[in-house]
Amino acid sequence: MGPQSTPDLSTQASSLSLSTVAVIGLGTMGTGIAEVLTRAGREVIGIDTDEAAARRAVSALEAATARAVQRERLTERERQDALARFRTFTDLQAAADADLVIEVVPEDYELKRQVFTELDAVIRPDTILATGTNALSVTRLAADSQRPERVLGVHFFNPAPAMKLVEVVSSVLTAPTAVAAVTELAHDLGKDPIAVGDRPGFVADGLLFGYLNQAAAMYESKYATREDIDAAMRLGCGLPMGPLALLDLIGVDTARTVLEAMYAESQDRLHAPAPILGQLAEAGLTGRKSGRGFYTYEAPGSATAVPDAESPASGDEQSAGRPVSSVGVAGSGTMASGIAEVFAKAGYKVVLAARSLEKAEKAKARIAKSLGRSVDKGRMAAEARDAALAAITPAGSLDAFADVDLAVEAVAEDLAVKQELFKTLDKVCKPGAVLATTTSSLPVVACARATSRPQDVIGMHFFNPAPAMKLVEVVRTVLTDDEVHATVRAVCAKVRKHPVDCGDRAGFIVNALLFPYLNNAIKMVEEHYATLDDIDAAMKLGGGYPMGPFELLDVVGLDVSLAIEKVLHAEFRDPGLAPSPLLEHLVAAGCLGRKTGRGFREYARR
């Protein structure tokens, strides 16, 4: 190993143009990578033992470049030049002239090792050999190669032409010059490369697949329907796709392989594949590519889901529940104001009660400002604003809730405080009134038991900012009456929110899936595996997340995040859910995020 075996690599790799690239494996990913390379002016040698796969790759490139011409992103001459740069073969001997070889054959170690062994006898000593794996050991593949210093990982994301992230993965054996050459190529392709070390999943998939696994386990336990889990994460977190739909896109079998590799290294139960992944994979129900996975599709390879036995019936909202014309909102903070605004805009009479009339009037003034901004932006007529404001009556006591049909508490996230409030609601509210808590992490049943009518108590978890966020988690306890549940579902529809049903356990849907992911991101930094900036970039560019995990943590508040992590850990008792020590240290130091000017990052004081 070293300079003796490949004298050219250490002296020339940094100046290599990597003008000719062989792509081995012309499935969806290989074809996408080939498109990116040809459009960037590289000569591409496409290799697949299946002639039909090679023909499909050529057809896919022809179609993709034709669309680019229609959209005026390419000229017809540029298209013809790109097509001329793509040649396909069925024999690895065709890679002899390549400066870089990227293998994207199926995630099977023996298959990849065999490809690498054959390539050792074909390619030049200075050719860089890259694996597209996201689950298998780059180090092991390198060690089994004749020249391990020229082996690295280059992990594109699907669809390769659209996704900006490329993870450049080096093992302890990889020559820095090889990493530099591939990183430079990624920049030339218009991608955003990040350098990472060799561990299963790397950064983006290392965080993503744990989250996907938890979502699969949540569905398997029948805690929530597949539609509600996916809608909750799209609407509650702004994700481009729900986790179960994403598993179908990735391939259930692929996800299981990645998780097996992650678990083998981490021994973290959060990475142990949910049994349903194995059951679906063994049955051949691998997702879109087979036509059925968590959802059913029009045909194998289709992206169009079709109704099946699990699809909700169109008449699911069979009962409208109890009539609701007036709503009481308890609290004077941002969430209480936002919820009162939502109800008032939907035509409900709203009583906004705080600990004093002055606080309630300040909360109404905040609503007036919010509605004013909507008018200024043309989203609302002045008359509608005036009507909504006129519908809100501020009050300095919960006694004003005597006639409301629905009472919603939005006070501090403190169980003792909420229980006292529910005792008061029990005395004040009329028989038959629905009593709702907006808690995001406390047991709803504990609030219900503070009353003499636990059957009338339910969770309505709005998301912040309430006027903008479409999601409401509707949380039933074991004591909640069916009619109460139906009432809240109907109210959600009237205020134009999307309700998802879930049981009364820590985190409900969104926080139970979101916060372990955030916690794992912090652990990556603790372990010095990646930087804050690289992790945030990886999740935005590779996962389509609107914010990176550290941006989000600083917005949510590190104290709030720690409290939710503690609740999840206490309920599920899984060691993998234990809050990161770094998070605890930052909170202890008063670094709580944007609100204090410092969290994971520092912010200018306003």
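Is Phe-550 buried or exposed, and what is its relative accessibility? In this predicted model, Phe-550 counts as buried, at 0% relative accessibility. Let's keep that residue in mind while we walk through the aromatic rings.

Counting rings whose centres lie within 6.5 Å of each other, we arrive at five aromatic pairs. One of them joins Phe-343 and Phe-462: the ring centres are 6.2 Å apart and the planes meet at 70°, so this pair is edge-to-face, given that angles over 60 degrees fall in that class. Look at where the two partners come from. Phe-343 belongs to helix α13 (residues 334-345), while Phe-462 belongs to strand β16 (residues 457-462), so their contact ties together parts that lie 119 residues apart in sequence. Both ends of this link can be checked for exposure: Phe-343 is buried, with a relative accessible area of 0%, and Phe-462 is buried too, at 3%.

Now back to our opening residue. The ring of Phe-550 pairs with that of Phe-600, with centres 4.9 Å apart and planes at 65°, so here again the pair is edge-to-face. Phe-550 sits in helix α21 (residues 549-556) and Phe-600 in the segment after α23 (581-588), so the pair ties together parts 50 residues apart in sequence. Phe-600 counts as buried as well, at 13% relative accessibility.

Return once more to Phe-343 and Phe-462, and you will find Tyr-348 linked with them by ring pairs into a cluster. Tyr-348 also has a charged neighbour: Lys-494 lies over the face of its ring, 4.5 Å from the ring centre. Elsewhere, Arg-140 places its charged end over the ring of Tyr-109, at 3.6 Å from the centre.

Key
Residues numbered from 1 in each chain as written. Predicted model: local features only at pLDDT ≥ 70, side-chain atom pairs only at ≥ 80, totals over all residues. Heavy atoms only, no water. Phe/Tyr/Trp six-rings, centres within 6.5 Å; stacked < 30°, edge-to-face > 60°. Helix = DSSP H or I, 4+ residues; strand = E, 2+ residues; numbered from the N terminus. Buried < 20%, exposed > 50% of the residue type's maximum accessible area, 1.4 Å probe, protein only. Lys NZ or Arg CZ within 6 Å of the ring centre and 35° of its normal.
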